[in-house]
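The exercises below are to be worked with the sequence and the structure open side by side. Each task is followed by a solution in steps.

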Amino acid sequence: MAETTYRISRLSASGMIVTALLIDLIALIPIVNLITTATAFMVFGFWFYLKNIPLISTRKMLTYLTAGVLAIIPFLPGITAGVIAVIIFTRTEDKTGLSLSAKPKFKKALTGAK
């Protein structure tokens, strides 16, 4: 039985979660909240890009955006929750080989594909 290769290793996942927790702690400062949230989206978006994890899939993008909305609300660790959810989705995809991305059903109608 072949060993599963994960796009996000345990060490990378730990680093992402610790970084997200630190960003959520910094975001407790009222004025800094919006700046840290925007910066976190750019940092984690790039970090996921480096790990070859597209955030274009519907479920991952909704999770990431929901985390952003939660991050604006003080005292909720929205960034951390979003990062953990994307890590779980990605590792599940890697382990099972199934894509958790929801593909639009109207794609055939738009592209004319059969």
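**Exercise 1.** Classify Gly-45 as buried, partly exposed or exposed, and place Gly-45 in its helix.

Solution. Step 1: in this predicted model, Gly-45 lies in helix α2, which covers residues 32-50. Step 2: the relative accessibility of Gly-45 is 22%. Step 3: buried requires a value under 20% and exposed a value over 50%, so Gly-45 counts as partly exposed. Step 4: for a spatial reference, take Leu-55, 10 residues from Gly-45 along the chain; the two C-alpha atoms are separated by 7.5 Å.

**Exercise 2.** Find the aromatic pairs that involve Phe-44, and state the geometry of each.

Solution. Step 1: a search of the whole structure gives 3 aromatic pairs. Step 2: one of them joins Phe-44 to Trp-47, with ring centres 5.7 Å apart and 10° between the planes, and is stacked. Step 3: Phe-44 and Trp-47 are 3 residues apart in helix α2, so about one helical turn separates them. Step 4: the two partners differ in burial class, since Phe-44 has 1% relative accessibility and counts as buried, while Trp-47 has 23% and is partly exposed. Step 5: the rings of Phe-44 and Phe-48 have centres 6.4 Å apart and planes at 35°, so this pair is tilted. Step 6: Phe-44 and Phe-48 are 4 residues apart in helix α2, again about one helical turn, and both are buried. Step 7: taken together, ring pairs link Phe-44, Trp-47 and Phe-48 into a cluster.

**Exercise 3.** Identify the salt-bridge partners of Arg-7 and say which parts of the chain they connect.

Solution. Step 1: side chains of opposite charge can pair when their charged atoms come close. Step 2: with a cut-off of 4 Å between side-chain nitrogen and carboxyl oxygen, the count is 2 salt bridges. Step 3: Arg-7 meets Glu-93 at 3.0 Å, N to O. Arg-7 is in the segment before α1 and Glu-93 is in helix α4 (residues 78-96), so the bridge ties together parts 86 residues apart in sequence. Step 4: Arg-7 also meets Asp-94, at 2.9 Å, N to O. Asp-94 is in helix α4 as well, so this pair ties together parts that are 87 residues apart in sequence. Step 5: Arg-7 has 26% relative accessibility and counts as partly exposed. Glu-93, at 10%, counts as buried, and Asp-94, at 19%, is buried too. Step 6: Arg-7, Glu-93 and Asp-94 are thus linked in a network of salt bridges.

**Exercise 4.** Which residues make up the nonpolar surface patch, and is Leu-25 buried or exposed?

Solution. Step 1: the patch consists of Val-18, Leu-22, Leu-25, Leu-28 and Phe-75. Step 2: together these residues have about 540 Å² of accessible area. Step 3: Leu-25 is found in helix α1, residues 10-26. Step 4: the relative accessibility of Leu-25 is 55%, which is why Leu-25 counts as exposed.

**Exercise 5.** Describe the chain as a whole: secondary structure, burial, contacts and surface.

Solution. Step 1: the protein chain has 5 helices and 0 strands, and its pattern along the sequence is α-α-α-α-α. Step 2: the chain has 114 residues, of which 30% count as buried. Step 3: take the contacts between residues at least 6 apart in sequence; 71% of them join residues at least 24 apart. Step 4: the chain exposes about 7800 Å², and carbon and sulfur atoms supply 73% of that area.

**Exercise 6.** Which elements have the lowest and the highest mean pLDDT, and where does pLDDT stay under 50?

Solution. Step 1: the mean pLDDT of the protein chain is 79, with 77% of its residues at 70 or more. Step 2: among the elements, helix α5 (residues 107-111) has the lowest mean, 48, and α1 the highest, 93. Step 3: pLDDT stays under 50 over residues 104-110, and the model has 2 contacts beyond four places in sequence for them. Step 4: where pLDDT is low, the predicted coordinates should not be read in detail.

Definitions and conventions: Residues are numbered from 1 along each chain as its sequence is written. This is a predicted model: local features need pLDDT of at least 70, side-chain atom pairs count only at pLDDT 80 or more; totals for chains, interfaces and linings use all residues. Side-chain values use heavy atoms; hydrogens and water are left out. Patches are made of residues with over 30% relative accessible area and no salt bridge: like charges are joined within 9 Å, nonpolar side chains (Val, Leu, Ile, Met, Phe, Trp, Tyr) within 5 Å. Accessible areas come from the Shrake-Rupley method with a 1.4 Å probe; for residues, only the protein chains shown count as cover. Helices (H or I, at least four residues) and strands (E, at least two) are DSSP runs, numbered from the N terminus. Buried means under 20% relative accessible area, exposed over 50%, partly exposed in between (1.4 Å probe, protein chains only). Contact means heavy atoms within 4.5 Å. pLDDT is the predictor's confidence in each residue, from 0 to 100. Rings of Phe, Tyr and Trp (its six-membered ring) pair if their centres lie within 6.5 Å; planes under 30 degrees apart count as stacked, over 60 as edge-to-face and the rest as tilted.
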